[in-house]
Amino acid sequence: ELVELAQSKLEGEAASLDIVYIADGADVAKVVSLATKYHLITFASDRGAVEDGVVLGLVPRGDKPKLLINVGASVASGMELDPQVLRLAELVRSPGG
C-alpha cells in the first residue's frame, strides 16, 4: 500500500512502514535518522541523498537507470541483500563510512 505522508508525521507512522521514499526537498538527514531508529529502508532518486545515508537510489545513467546502494545504511536498516543484487548495483559509501 502506498501512503503519502508529510515528513512531520513520519515518526508517528514509522511502526507501520517498511520503506520510505524521500522526495526532493525533504530533510534527508532527519528522515535518515528516523529511518535508522525504526530500521526502515529509505529510497530516493538523488545520488546525493544516497551518499548522505539513504539506503537505495535509482538514478539516471545515460538512457538507463542505475541502482545505488549505500552499504552502511543498508546494514543499519537491517537489510539483507542478495549478492547478485550487489553485483548489479553501484555501491556507495557515506563520508567517513
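This report walks through the fold, the surface and one aromatic pair of a predicted model.

## Overall fold

Let's start with the layout. The chain carries 5 helices and 5 strands, and reading from the N terminus they come in the order α-β-α-β-α-β-β-α-α-β.

As for size, the C-alpha atoms sit in a box of roughly 35 × 30 × 25 Å along the principal axes. The radius of gyration is 13 Å, which agrees with the value near 13 Å that a compact globule of 97 residues would have.

## Packing and surface

Of the 97 residues, 30% are buried. If you look at contacts with a separation of 6 or more, 24% of them join residues 24 or more positions apart.

On the outside, the chain exposes about 6300 Å², with carbon and sulfur atoms supplying 54% of that area. Then there are the charges: 9 positive and 14 negative, with their mean positions 6 Å apart.

## The aromatic pair

How many aromatic pairs does the chain have? The count comes to 1. Tyr-21 and Phe-43 make up this pair, with 5.8 Å from centre to centre and 45° between the planes, so it goes down as tilted, a class that covers angles from 30 to 60 degrees. The pair ties together distant parts of the chain: Tyr-21 belongs to strand β1 (residues 19-21) and Phe-43 to strand β2 (residues 41-44), 22 residues apart.

Are these two rings' residues buried or exposed? Tyr-21 has a relative accessible area of 46%, so it counts as partly exposed. Phe-43 is at 24%, and because the buried class is under 20%, Phe-43 is partly exposed too.

Key:
Residues numbered from 1 in each chain as written. Predicted model: local features only at pLDDT ≥ 70, side-chain atom pairs only at ≥ 80, totals over all residues. Heavy atoms only, no water. Helix = DSSP H or I, 4+ residues; strand = E, 2+ residues; numbered from the N terminus. Rg over C-alpha atoms; globule rule 2.2 N^0.38 Å. Buried < 20%, exposed > 50% of the residue type's maximum accessible area, 1.4 Å probe, protein only. Contact = heavy atoms within 4.5 Å. Areas by Shrake-Rupley, 256 points an atom, 1.4 Å probe, with all protein chains shown as cover. Lys, Arg positive; Asp, Glu negative; His and termini not counted. Charge placed at Lys NZ, Arg CZ, Asp CG, Glu CD. Phe/Tyr/Trp six-rings, centres within 6.5 Å; stacked < 30°, edge-to-face > 60°.
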